[in-house]
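Student: I am new to this structure and would like a close look at a single part of it, the sheet. Could you take me through how its strands pair and what surrounds them?

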Amino acid sequence: MRIDKYLKVARLTKRRVVAKVLLEEASIKVNGRNVKPSYEVKLNDEIELCLGRHHLIVKVTNVREFANKDQASDMFEVLKDEIVDLNQDS
């Protein structure tokens with residue numbers, strides 16, 4: 001399954017178009033690499049999402065074409081979930 005569709009079905013993004021834009025802006029990486037929206041998601045891939053201050057890393061545990069709310073949360077395992085403080089003194 002394409003990563004843009006996976007992100008929508010797993011409810012990590014609200015819309016597939018939003019996922020596509022984030023992928024093109026390099027705000028989403030898979031296994032540490034920038035990927036195109038057409039990238040085929042595989043089991044055990046690690047997806048890193050940087051959405052504003054929110055930094056999320058998930059591991060793909062299931063790939064489904066369709067998922068309801070309960071099934072969507074079973075499609076990934078959260079490895080890291082943090083809010084980045086942009087006002088840190090360097």
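Tutor: Happily; we begin with the whole chain, move on to the sheet, and then look at what packs around it.

Please keep in mind that this is a predicted model, in which local features need pLDDT of at least 70 and side-chain atom pairs count only at pLDDT 80 or more, while totals for chains, interfaces and linings use all residues. Residues are numbered from 1 along each chain as its sequence is written, and side-chain values use heavy atoms, with hydrogens and water left out.

The chain has 3 helices and 5 strands; these are DSSP runs numbered from the N terminus, with helices being H or I of at least four residues and strands being E of at least two. Read from the N terminus, the order of elements is α-α-β-β-β-β-α-β. The radius of gyration of the chain is 13 Å, close to the 12 Å that the globule rule gives for 90 residues, so the chain is as compact as a globular protein of that length. (That radius is taken over C-alpha atoms, and the rule is 2.2 Å times the number of residues to the power 0.38.) Along the principal axes, the C-alpha atoms fill a box of roughly 45 × 25 × 20 Å.

Now to the sheet. Strands of a sheet pair through backbone hydrogen bonds, either parallel or antiparallel. Here the sheet is open, has 5 strands in the order 2-1-3-4-5, and its pairing is antiparallel. Strand 2 (33–34) and strand 5 (76–83) stand at the edges with a single partner strand each, so one side of each is left without a neighbour in the sheet. Two strands count as paired if DSSP finds at least two bridges between them.

Let us follow strand 3, residues 46–51. Strand 3 pairs with strand 1 (residues 28–30) over 3 antiparallel bridges, and Lys-29 has Glu-48 in strand 3 as its bridge partner. Strand 3 also pairs with strand 4 (residues 54–60), in the antiparallel sense over 6 bridges. There, Glu-46 is bridged to Lys-59 of strand 4. Strands 3 and 4 form a hairpin with 2 residues between them, and Gly-52 in the turn has a positive phi of about 65°.

One residue worth pausing at in strand 4 is His-55. His-55 has a relative accessible area of 13% and is buried; buried means under 20%, exposed over 50%, and partly exposed in between, with a 1.4 Å probe and protein chains only. The His-55 side chain makes a polar contact with the side chain of Glu-48 at 3.4 Å. Such a contact is a pair of N or O atoms within 3.5 Å; within protein, one must be able to donate a hydrogen and the other to accept it, and residues adjacent in sequence count only if both atoms are side-chain atoms. Leaving out residues up to four places away in sequence, His-55 touches Glu-48, Leu-49, Cys-50, Lys-80, Asp-81, Glu-82 and Val-84, where a contact means heavy atoms within 4.5 Å.

What packs around the strands? The largest nonpolar core has 24 residues, and Ile-3, Tyr-6, Leu-7, Leu-12, Ile-28 and Ile-47 have the most contacts inside it. A nonpolar core is a set of buried Ala, Val, Leu, Ile, Met, Phe, Trp, Tyr and Cys residues joined through side-chain atoms within 4.5 Å. Helix 1 (3–9), helix 2 (16–24), strand 1, strand 3 and strand 4 each give two or more residues to this core, with helix 1 giving the most, 4 residues. Ile-3 touches residues including Leu-23, Ile-28, Val-30 and Ile-47, when those up to four places away in sequence are not counted.

Helix 2 belongs in this picture too. Its buried residues are Ala-19, Leu-22 and Leu-23, and they fall within an arc of 100° seen down the helix axis, so they line one face of helix 2. (The arc is that of the directions from the helix axis to the C-beta atoms.) Among what covers these buried residues are helix 1, strand 1 and strand 3. The face of helix 2 turned away from its buried side carries the exposed residues Val-17 and Glu-24.
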